[in-house]
Amino acid sequence: MQRIPEEKIDEIRSQVDIVDVVGNYVQLKKQGRNYTGLCPFHGEKTPSFSVSPEKQIFHCFGCGKGGNVFSFLMQIDGLSFVESVKKVADLAHIPLDVAISQGDSSPRNKPDSQESKMIEIHQLASKLYHYLLMETEEGQEALQYLLDRGMSEQELDHFEIGFAPAHASTVTTFLKKREVDLALAVESGLLTERDDGEVVDRFRNRIMFPIKNDRGQLVGFSGRLFNQEDGPKYLNSPETPIFNKRNILYHFSDARQEIRKKEEILLLEGYMDVISSVSATFSNGVASMGTSLTEEHVQMIRRVTNRAIICYDGDRAGIEASFKAGTMLAEQHRLEVFVLQLPNGKDPDDFIRSEGAEKFAEIYTHQRLTWTAFKLQFFKRNRNLQNETDKIAYLGEALAEIGKLDQAVERELYLKQLGSEFDLSMEALKQQLQQTVVVKPKPHDYGGPPPESYGEYPSYEGDGGPVYEQFSFAQPSGVPSAGLTSEKRLLKYMLEDRDAFIQIRNLLEEHQTDFYHDNYKALYTHLIGFYASGNDANPLALMDQLKDDMARNLVSELEMMTVNTDVSIEEYQDYVQSLTKSSIERDIKEKEQALLTATQQGDIPAALELARTITTMRATMKNTPN
């Protein structure tokens, strides 16, 4: 089978902006020439992840990961190189008219891997369920039920909703005919095995909602009862190698683009709520599928936005769930949170179907409650405000919440509301507020570029607006040595200019010196092979050829460096001489340690010889030009 030609790879890479691709997974903010955000590869509170539209690379100054658009998708989605090229080609609408070899796929990502097979089984089942709903007499009752609830056939097609018949072996028989491994289908959660060993369908007589993970892969189902009371209302797939509710938000992969566009996510409770919100043109809606919001969910949300709109059911359970979710988002993870409270305790699906999309849009846009306003309402629940004890307790809770606000205007606004509601003077409320509020220390100012002494890190110009917390970059510990700085700068010039590579390589051979650090030495070796193959300077193409993540990360780090572009061969020579001096310094330290050992052991001849050698080496280093 043919591999993708290098020319085709270059064409595909050049037609897609890495900012657009990464922005599907990370909330990015413009800072100077680059974009920054929270790294999706490790947990962090202060953003250290940077994307360069000019260089078309990404790099995290916290964990060190970096690369181009292909390597980003390989790491974030677990794809092989050819799979990432195909995905980028699809985004750029570039046809791939060659057969693609899967030879470089990692074992866990090959088409015949267990997880891939499980996903394929679910895709087969989903098509069957949808056909049974839309095209068969057996699915007519379920179809009519959905149409009576106000759903259109277009919605049913868009969300690929289906029907599982009451028979015990509909899907089992279907898969058998296609020679699917039934044991794997059981492990995937689609089928189940009875005590007597017989394999049967897990889902029966239920309306089926396919569930995708954040990569858009179909990994599970939720089946809803519609004409009986026997069993749970919703039956979800069990936890499997491909399905875990803690890591999945219904509709998240399809909603990601709209979330980025609106710069906010709409959090709902159920599948029908999501479907109705999409019909009302709010395609940024997702649902946590009947489970509480988890830390994993929050991390998914933080990658694409820092604002959440909670619209859960209006009953007691929904209000308490809103409070719990909002507390996690706003107070534990510092997202901006608003809450929608629909009239008469209705859930979003019922409200949109009965009152219409325009009315929902009105509440969504103009009647959303701030997190503080919602909490003040929440604290009134179960209190008799005609009772002085309950009233004083509520005022204490309300003032404590108002005291947490950073903006004086916000505090004034809520104090006025309290004063008007309870006929209290602003003077009394402010006096009580001062007694309630604990003075918080000022946050550390993380702003500003990295120390100039680092040299190799770029300067970032912020626009002053905070996202999550104020943006800044995590700094490497310690100041790089002169030798390390020289290695980085030399490799930087060699990466970006073939002539510079030839000049620097000649200087290294002339001075009989080399790179000291293993990863720098390895990248130098890769560069020798890259240019020997006739390539021009192209860091992005070099990244595609590197199989070692460490080498690829180093290329992205070097590409993020800001260096003088008007450089002479004399400057190259200075850096090479710095490497020579660093090498001599390391040798001297080794000899000094050996001298100490020889002296302690009473080996006088060896000690004298080592002392003479050290003296000679110091003289050599002294005569080496700075």
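1. Glu-264 is buried, at a relative accessible area of 6%. The model is a predicted one. Its salt-bridge partner is Arg-307, with 3.1 Å from N to O. The two residues come from distant parts of the chain, 43 residues apart. Glu-264 sits in the loop between α10 (252-262) and β12 (265-268). Arg-307 belongs to strand β14 (residues 307-310). Arg-307 is partly exposed, with a relative accessible area of 22%. The cut-off for buried is under 20%, so Glu-264 falls within it and Arg-307 does not.

2. A network also deserves a look. Lys-55, Lys-492, Glu-496 and Glu-559 are joined by salt bridges that share partners. How many salt bridges does the structure hold? The count is 31. Side chains of opposite charge can pair when their charged atoms come close.

3. Asp-10 and Arg-13 make a local pair. Their closest N and O atoms are 3.0 Å apart, in a salt bridge. Both residues are in helix α1 (residues 6-14). They are 3 residues apart there, so about one helical turn separates them. Is Arg-13 buried or exposed? Arg-13 counts as buried, at 8% relative accessibility. Asp-10, at 30%, counts as partly exposed.

4. Next, Glu-198 and Arg-194. These residues form a salt bridge, and the closest N and O atoms are 3.1 Å apart. Glu-198 is partly exposed, at 39% relative accessibility. Arg-194 is partly exposed as well, at 37%.

5. On the cysteines: how many disulfides does a search of the whole structure find? The search finds 0. Cys-60 is in no disulfide, and the nearest cysteine sulfur, that of Cys-39, is 3.6 Å away. The cut-off for a disulfide is within 2.5 Å, so this pair does not qualify. Cys-60 is buried, with a relative accessible area of 0%.

6. Why is Cys-63 not bonded to Cys-60? The sulfur of Cys-63 is 3.7 Å from that of Cys-60, its closest cysteine sulfur, and this is too far for a bond. Cys-63 is partly exposed, with a relative accessible area of 33%, whereas Cys-60 is buried. A disulfide is a covalent bond between the sulfur atoms of two cysteines.

7. Backbone angles: most residues other than glycine have a negative phi. Glu-160 is not a glycine, yet its phi is positive, at about 55°. Where does Glu-160 lie? Glu-160 is in the loop between α7 (153-158) and β6 (162-164). Glu-160 is partly exposed, at a relative accessible area of 30%.

8. Gln-512 also has a positive phi, near 50°. This residue, too, is not a glycine. Gln-512 lies in the loop between α21 (498-510) and α22 (518-532). Is Gln-512 buried or exposed? Gln-512 is exposed, with a relative accessible area of 74%. The cut-off for exposed is over 50%, so Gln-512 passes it, while Glu-160 is partly exposed.

9. To recap the places to inspect: the Glu-264 and Arg-307 salt bridge links distant parts of the chain. The Asp-10 and Arg-13 pair stays within helix α1. Cys-60 is in no disulfide. Glu-160 has a positive phi, and so has Gln-512.

Conventions:
Residues numbered from 1 in each chain as written. Predicted model: local features only at pLDDT ≥ 70, side-chain atom pairs only at ≥ 80, totals over all residues. Heavy atoms only, no water. Helix = DSSP H or I, 4+ residues; strand = E, 2+ residues; numbered from the N terminus. Buried < 20%, exposed > 50% of the residue type's maximum accessible area, 1.4 Å probe, protein only. Salt bridge = Lys/Arg side-chain N within 4 Å of Asp/Glu carboxyl O.
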